[in-house]
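Student: Please take me through this model. I want a close look at a single part, set against the chain as a whole. Keep it brisk.

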Amino acid sequence: MAFLPKWLTFLKGKEVVIANAIIAILTIGGQQLFSFFTFSCPCHVGQNLIYGLAFLGVPALILLVVGYALNNQTWRLVTGKRSPLQAEGTQNQLLQCKLTCFVLCSITGRALVAPVTWLAVTLINGSYYVCAMSEYVSVYYYGANPNITASERKQILAAFPCSQLVPPELSRARDEVILLLRYQSQVAGWLLIAVVVITVFLSYCLASCFSPLSFLHFRYWTSYVHNEQELFDEATDQHSKLYAIQHIRKFFGFVPGSENIGEIRIPSLREWQAISGLAFLKLVDEEHYDYSLLHDWALKGSVDRKYLKLDEDPVTTT
């Protein structure tokens, strides 16, 4: 097992690449299941195109929105932009604009992994494209009776994705049309993959060329940011817990998990009403908020001393 530390060292700092690979694999698996259980071409004029494009585009759009929503940088970018405190930092708006564009491009790159994978896999599969474009194939590929109207020809071509609806004499023409459309779809899929791979590679190259950091310095910076975020999350959890404990102790007279609790506090009806209801951020002053109704109640002032000792029996019997 001596090779494990080497692999862990190699993978350290490549979390983004690993995450993107996992997203792509999950998208491929989801696309295959989605196609198997839900896709059924209507084989009708005017409906094939809408149905095929819907299966191509709508899931990709949903995956794009989900990719934006699941990225913490998205919310860091948009949160607090209307705060009056932001008005103080307007001296270097150009630099702020460049930073915003850089972060937005980074977020978009991460969000595009799943939708681009979906589009590439569906195009290589070819089923959606065949359904969408069957009725628009050139007349050259229709080898039967030429003495039919354009609408009748479209109806026959639209039925080609459904083999059970095609007359036996048109089986060869159908096979040629399906092969042509699959060829077009798969070529488009591989071209999309090639364009994306080249674009990503060139983007990384340009970012490295214009980076003010050397290779090792960049690795150190990446490691620092990762460790800082982990420590910040731990400190945030612990700080908020300790802060909340003070308010819980003030309301109930003890802290959950404490041993040898001698007494508890009995809140009044007015106090229960004060902490009940919908809680919103409340601006206390220019730099502080109350985070909840309990927080607001705990900071308002004195508290009555209605306590009950636990060694006393609160129920009086006669």
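**A close look at one patch**

Tutor: Start with contacts, in a model that is predicted. Take the contacts in the chain with a separation of 6 or more: 66% of them join residues 24 or more positions apart. The chain has 318 residues, and 22% of them count as buried. Its accessible surface comes to about 23,200 Å². Carbon and sulfur atoms hold 66% of that surface. In secondary structure, the chain has twelve helices and four strands.

Now the part itself. Glu230, Asp233, Glu234 and Asp237 form a negative patch on the surface. Take Glu230 as the way in. Glu230 lies in helix α10, which covers residues 215-252. Its relative accessibility is 41%, so Glu230 counts as partly exposed. The cut-offs explain the label: buried means under 20%, exposed means over 50%, and partly exposed falls in between. A patch member also needs over 30% relative accessible area and no salt bridge. Like charges are then joined within 9 Å.

For a second reference point, go to helix α9, residues 171-209, where Ser171 is found. Ser171 has 34% relative accessibility and therefore also counts as partly exposed. Look back along the chain from there. Phe160 is eleven residues away from Ser171 in sequence. The C-alpha atoms of Ser171 and Phe160 are 8.8 Å apart.

To return to the patch: its members are Glu230, Asp233, Glu234 and Asp237, and its charge is negative. Glu230, the residue examined here, belongs to helix α10.

Definitions and conventions
Residues numbered from 1 in each chain as written. Predicted model: local features only at pLDDT ≥ 70, side-chain atom pairs only at ≥ 80, totals over all residues. Heavy atoms only, no water. Patch = residues over 30% accessible without salt bridge, like charges linked within 9 Å, V, L, I, M, F, W, Y side chains within 5 Å. Areas by Shrake-Rupley, 256 points an atom, 1.4 Å probe, with all protein chains shown as cover. Salt bridge = Lys/Arg side-chain N within 4 Å of Asp/Glu carboxyl O. Lys, Arg positive; Asp, Glu negative; His and termini not counted. Charge placed at Lys NZ, Arg CZ, Asp CG, Glu CD. Helix = DSSP H or I, 4+ residues; strand = E, 2+ residues; numbered from the N terminus. Buried < 20%, exposed > 50% of the residue type's maximum accessible area, 1.4 Å probe, protein only. Contact = heavy atoms within 4.5 Å.
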